[in-house]
Amino acid sequence: MAYSALLSLTHVLQRTLKYDRSYLLPGEKQQIESLLEKVGYLQDFLDNFPREKIESIEGLERKISDAVCQTEDIIESCIAHQVLEESTSHSGDIFKTSFHEIAKLIEEVDSIKIGAGKIEDESGIQEDLECNTSLPVGSLRPASSGQSTMVGLDDTMAKIKDHLVSSSSKLEVVSIVGMGGIGKTTLAHKVYNDKYIEYHFHICAWCTVSQKYNVRNILLGLLDSMKIQIDGSEKDIDQLVELLYKKLKGRRYLLVMDDVWDIEAWDSVKRYFPEDKSGSRILLTTRLENVANYINSGSRLHHVRFLNDEESWKLFCQKVFGEGFCPLELEEIGKKIAQNCRGLPLAVAVIGGLLSKVTKTPHYWRTIAENVSSEITSNDEQCSKILSLSYKHLPYHLKGCFLYMGIFPEDFEIRVKVLTKLWVAEGILKPASSKTLEDVGEEYFLDLVQRSLILVQEKGSIGKIKTCRIHDLLRDLCIMEAQKEKFFHVIEGSLYGIQGDTSMRRVSIHVKNGQLPFEFYHVAKGTLQGDDKTQWSLEGLFRSSSVEYSVDSRSLKVLHIEGRDQMRNGMQVLVNMRYLNSYLGHHIASIYKFRNLQTIIIRVGITTLPPEIWKMPQLRHVKWNGIASLPDPPISETKGEENSIVVLENLQTLSMINRFSWTEEVLERIPNLRKLAICYDSITEADWKEYHINNLVHLTKLESLNCLIRSDRSDFLVDITFPTSLRKLTLNGIKLHPSKLSILGSMPNLELLKLKSSAFLCQEWEPNEGEFLKLRFLLLYDVELKHWRADNIHFPSLEHLEIFDCELLDEIPPGFGEISTLQSIELFFCGDSIVESAKKIEEAQSDWGNDAFKLYTDKY
């Protein structure tokens, strides 16, 4: 993973120049700047190198990766030594000595740069690669002229056929989208060979485009599919185009372009397809949603779903037994094997083909059931090739992010925000101007989703993807490629029996136990050593009763623990820690020693953060699963000592902070805060002025605010002025006067509003027209409201309404039945009258043709 290593080193060098200049000796700043320039050159070289020739530089990539990883280790080790020695009043020349090693590595990078220049000259990057990457004509024909085995998906096939034979006379493109092995080509074959489709179109032709394509071979493939016998070697492209155009002109045709990877592949041939307003169609299959969207602007897209358990079992039986039946003694374990394929037809077909040729005994099938993924990849080379194509086609900047998915346990529901924070901490994201690294990570994530490599699991309140997962076979691919590239190492199942050591820079440990499904330890950048002869723990980091573990703590960058272990001793040496998700216990006071810390997610109750946190400029996210108190910045710094003031310009998240004070001095320290959760408990009348909550308006980047207020005061909304940037607002425990809710309604960018455990003082709410114009999600939870008077004009953009435990409320306003954007209403612990009003809204939405609307209630 040379590219990811280069990105990580770039981040380290930039941080060293920005935050660690005090540790640099004369001349060392120039050395780092010189090295940064060389690293940038290598990064640009890899960015621009043709993907189809990547195999030619595998040796160079390994050399780059080794060199930059060594350099990064030396720099961070030097800084760590310097920090720790300074803290213990020791002196030494470790940093100076280590830079002699860096100088040697700069020479090595220079030699790599020269080698890279030679390869670049020889590769002919600027040359037209079409002729060199062409496929033989025979490979452009359908894989089989007979009937393909397809189980399920009859509903999808019917929709595709309807689109192909629709009354529209324009030439249209219909796209089939999905991950590798999900059955796109099989589905296209089924449609292509359908008798009615053959009857409807005068001409049907098929070509397989693939990653390595050229225009000539696409034209030859289509002509050959039409049974036009030509000597392709004697025809130039213009002659082939003329033949094809004359054959298609004036006829209703169906052309299948299978396995399209690039927009350029379509752009290079689309002008050769005549538009005669005869109802012709192009059927396209691709793994890349952005390609399909470009070609037909998002319309006529059909995403191929996974098979359900019944369909998987049916296909499995067809592959194993043909026309026969499964013996009763094999049925239970056979269904488990089919289920473990996770609905991927390719996986079912491969494992079914394997079992059709071996002894059919319960004992053997049980061993297969326990290792389905590994059996599939090890016994079918073609399956591995199909899946690995998606990885090999990725641009360099996405490869590390995709492989990183393999650190999570099998079937793990991955939180997208956690994933992007980990990417940031690992330094594998390429910075972009005017965007935060989290924004870049979100773009990379969506790109991987559109490439059908990441599966969407759950969406949040306003439509953003909240959790995701990865198919088992793709996860196995990630682990296999990552270990080959020395990117990370995964230890599955138990910590017993780990022997020897691994020098992998990232180690992910998935421990199953009796209390939790697993405990997930992710250790980034350290040397892992295990000994199965003793009881051990991650020494100095966290404890377990089963094993003993040692890791080079000074180089530790990321520690993510999904489980109940907690950090204990050795905290003081973790000076290079960037990401920490754990239970800290009484070690909170030593957090400030983590000079590189970016993200801290702590599972504790009420506690107090150390005031030194205001001196940690690299902090990006601070999240407590309880309530934490954060002292004001030291007075000596906020009054006069300007040079010593540290602005936390990277800080984006603070949650949840108790009695936070909004003085100007505090706000100047956190100018780019995006997400904030605050708590004010037992607030008196005099307290409000002390906390200066009216200054909140100065947080001009704030997007999400969660307020927990325990006070009898009823004019909270009058005291506070919200910034116009706010998109999400949660108010909990607040006494509300309906006349003051216009303050919320007038917020120009508010998309989500949650009112919890709040009381309407006159128990009636009637918004004004022109309010809540962008509100998409509204939650009323335990709200003392009786009469709600509203119409469709009051919430014109509302998509989701949730009402929980509002027993006083008499009904949902009938006008909600005419809100054209409404997608769902959820009701729990509500009175019968609310449920009845929701049913009437459901009927009204149906009458308006909104078939997508859903009503969820605990009443039925």
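Author: Two strands pair if DSSP finds at least two bridges between them. This model is predicted. In it, β6, β8 and β7 form an open sheet of three strands, in that order. The pairing is antiparallel.

Reader: What makes β6 and β7 the edge strands?

Author: β6 (414-415) and β7 (455-459) each pair on one side only.

Reader: How do you know that β7 and β8 pair?

Author: Count the bridges. Four of them join β7 to β8 (residues 465-469), in the antiparallel sense. The cut-off is at least two, so the two strands count as paired. Within β8, Ile465 is the residue opposite Lys459.

Reader: Why is strand β21 called largely enclosed?

Author: β21 covers residues 675-681, and five of its seven residues are buried. The strand is therefore largely enclosed by the rest of the structure.

Reader: Which strands does β21 pair with, and how many bridges are there?

Author: β20 (residues 653-658) runs parallel to β21, joined by four bridges. Leu654 faces Leu676 of β21 there. β22 (residues 704-710) is also parallel to β21, with seven bridges. Cys679 has Leu708 in β22 as its bridge partner. Four and seven both satisfy the rule of at least two, so both pairings hold.

Reader: Which elements make the right-handed β-α-β unit?

Author: β20, helix α23 (residues 664-669) and β21.

Reader: What makes the contact between Asp472 and Arg342 a salt bridge?

Author: The N to O distance between their side chains is 3.3 Å. The limit is 4 Å, so the pair qualifies. This pair links distant parts of the chain, 130 residues apart. Asp472 sits in helix α21 (residues 472-484). Arg342 is in the loop between α13 (328-339) and α14 (345-355).

Reader: Are Asp472 and Arg342 buried or exposed?

Author: Asp472 has 3% relative accessibility, so it counts as buried. Arg342 has 23%, so it counts as partly exposed. The cut-off for buried is under 20%.

Reader: How do you know that Glu442 and Lys464 form a salt bridge?

Author: Their N to O distance is 3.1 Å. That is within 4 Å, so the rule is met. The partners lie 22 residues apart: Glu442 in helix α20 (residues 437-450), Lys464 in the loop between β7 and β8. Glu442, at 28% relative accessibility, is partly exposed. Lys464, at 39%, is partly exposed.

Reader: Why are Glu836 and Lys839 separated by about one helical turn?

Author: They are three residues apart in helix α27 (residues 832-847), which means about one turn. Their side chains meet in a salt bridge at 3.8 Å, N to O. The 4 Å limit admits that value, so the pair counts. Glu836 has 42% relative accessibility and counts as partly exposed. Lys839, at 28%, counts as partly exposed.

Reader: How many salt bridges are there by this rule?

Author: The count is 27. Among the residues involved, Glu703, Arg727, Glu751, Arg776 and Glu799 are linked in a network.

Reader: Which residues have the most contacts inside the largest nonpolar core?

Author: Phe316, Phe402 and Trp423, in a core of 95 residues. Leaving aside neighbours within four places in sequence, Phe316 is in contact with residues including Ile337, Val348, Ile351, Leu355 and Trp365. Another core lies apart from it, with 87 residues. Ile600, Ala628, Leu744 and Leu753 are among them. In soluble globular proteins, nonpolar side chains tend to be buried together.

Note on methods. Residues numbered from 1 in each chain as written. Predicted model: local features only at pLDDT ≥ 70, side-chain atom pairs only at ≥ 80, totals over all residues. Heavy atoms only, no water. Core = buried A, V, L, I, M, F, W, Y, C linked by side-chain atoms within 4.5 Å. Buried < 20%, exposed > 50% of the residue type's maximum accessible area, 1.4 Å probe, protein only. Contact = heavy atoms within 4.5 Å. Right-handed = clockwise from strand over helix to strand, strands pointing away.
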